[in-house]
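Here is a quick tour for anyone meeting this protein model for the first time. Have a look at it, then read on for a few spots to find.

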Amino acid sequence: MAQLSISTGAGAFDAIAAGPSEGHPALLHGFPQTGLVWQRQIEASAAHGYRVVALDQRGYPAAPTPSGPRTSHQPSRGDVITITEERGWAAFDLRP
């Protein structure tokens with residue numbers, strides 16, 4: 001697994017990634033905290049040829065901090081679009 005920092009308009013998200021770079025992309029968010037909660041799923045999916053990126057949720061440590069009392073800590077739809085475009089993924093699996 002490799003550590004990544006993925007920039008968005010809202011700031012940078014820390015993430016971990018595994019699997020072949022040419023593998024089918026899968027994006028996971030780190031609810032309830034960091035992408036490490038997905039370690040077993042990342043390893044299993046990577047072993048099956050997926051390129052998996054697991055994001056830390058907003059507010060953990062370097063990820064953008066949400067504003068307002070009712071703002072979700074999960075990456076927003078805009079974050080997901082920006083992240084997948086930055087990765088060059090025209091199609092991908094999303095595992096919330």
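## A strand with two partners

Leu-27 stands opposite Leu-94 in strand β5. Keep in mind that this is a predicted model, so what follows describes a prediction. The pairing that brings those two leucines face to face is between β3 and β5 (residues 93–95), which run parallel and share 3 bridges.

What else does β3 pair with? That would be strand β4, residues 50–55, again in the parallel sense, with 6 bridges joining the two. If you want a spot to look for along this pairing, try Pro-25, which sits opposite Arg-51 in β4.

Is β3 mostly buried or exposed? The strand covers residues 24–29, and 5 of its 6 residues are buried, so the rest of the structure largely encloses it. As a general note for looking at strands, side chains in a regular one alternate between the two faces of the sheet.

## A loop residue tucked away

Now follow the chain to Asp-56, which is in the loop between β4 and α2 (77–87). Asp-56 counts as buried because its relative accessible area is 10%, and the cut-off for buried is under 20%.

What does the side chain of Asp-56 have beside it? One of its polar atoms lies 2.8 Å from the backbone nitrogen of Gly-35. Asp-14 is worth finding too: Asp-56 and Asp-14 are 42 residues apart along the chain, yet their C-alpha atoms are separated by 5.7 Å.

## An exposed residue in the first strand

For a contrast, go to Gln-3, in strand β1 (residues 2–8). Gln-3 has a relative accessibility of 65%, so it counts as exposed.

Which residues does Gln-3 touch, leaving aside neighbours within four places in sequence? The contacts are with Ala-15 and Ile-16. Ala-54 makes another handy reference point: 51 residues separate it from Gln-3 in sequence, while the C-alpha to C-alpha distance is 9.7 Å.

## One pair of rings

To finish, look for the aromatic side chains. The structure holds 1 aromatic pair. It is made by Trp-89 and Phe-92, whose ring centres are 6.4 Å apart and whose planes meet at 40°, so the pair is tilted. In general, a pair of aromatic rings is described by those two things, the distance of the centres and the angle of the planes.

How do the two partners sit with respect to the surface? Trp-89 counts as buried because its relative accessibility is 13%, whereas Phe-92 is partly exposed at 27%.

Notes. Residues are numbered from 1 along each chain as its sequence is written. This is a predicted model: local features need pLDDT of at least 70, side-chain atom pairs count only at pLDDT 80 or more; totals for chains, interfaces and linings use all residues. Side-chain values use heavy atoms; hydrogens and water are left out. Rings of Phe, Tyr and Trp (its six-membered ring) pair if their centres lie within 6.5 Å; planes under 30 degrees apart count as stacked, over 60 as edge-to-face and the rest as tilted. Buried means under 20% relative accessible area, exposed over 50%, partly exposed in between (1.4 Å probe, protein chains only). Helices (H or I, at least four residues) and strands (E, at least two) are DSSP runs, numbered from the N terminus. Two strands pair if DSSP finds at least two bridges between them. Contact means heavy atoms within 4.5 Å. A polar contact is a pair of N or O atoms within 3.5 Å; within protein, one must be able to donate a hydrogen and the other to accept it, and residues adjacent in sequence count only if both atoms are side-chain atoms.
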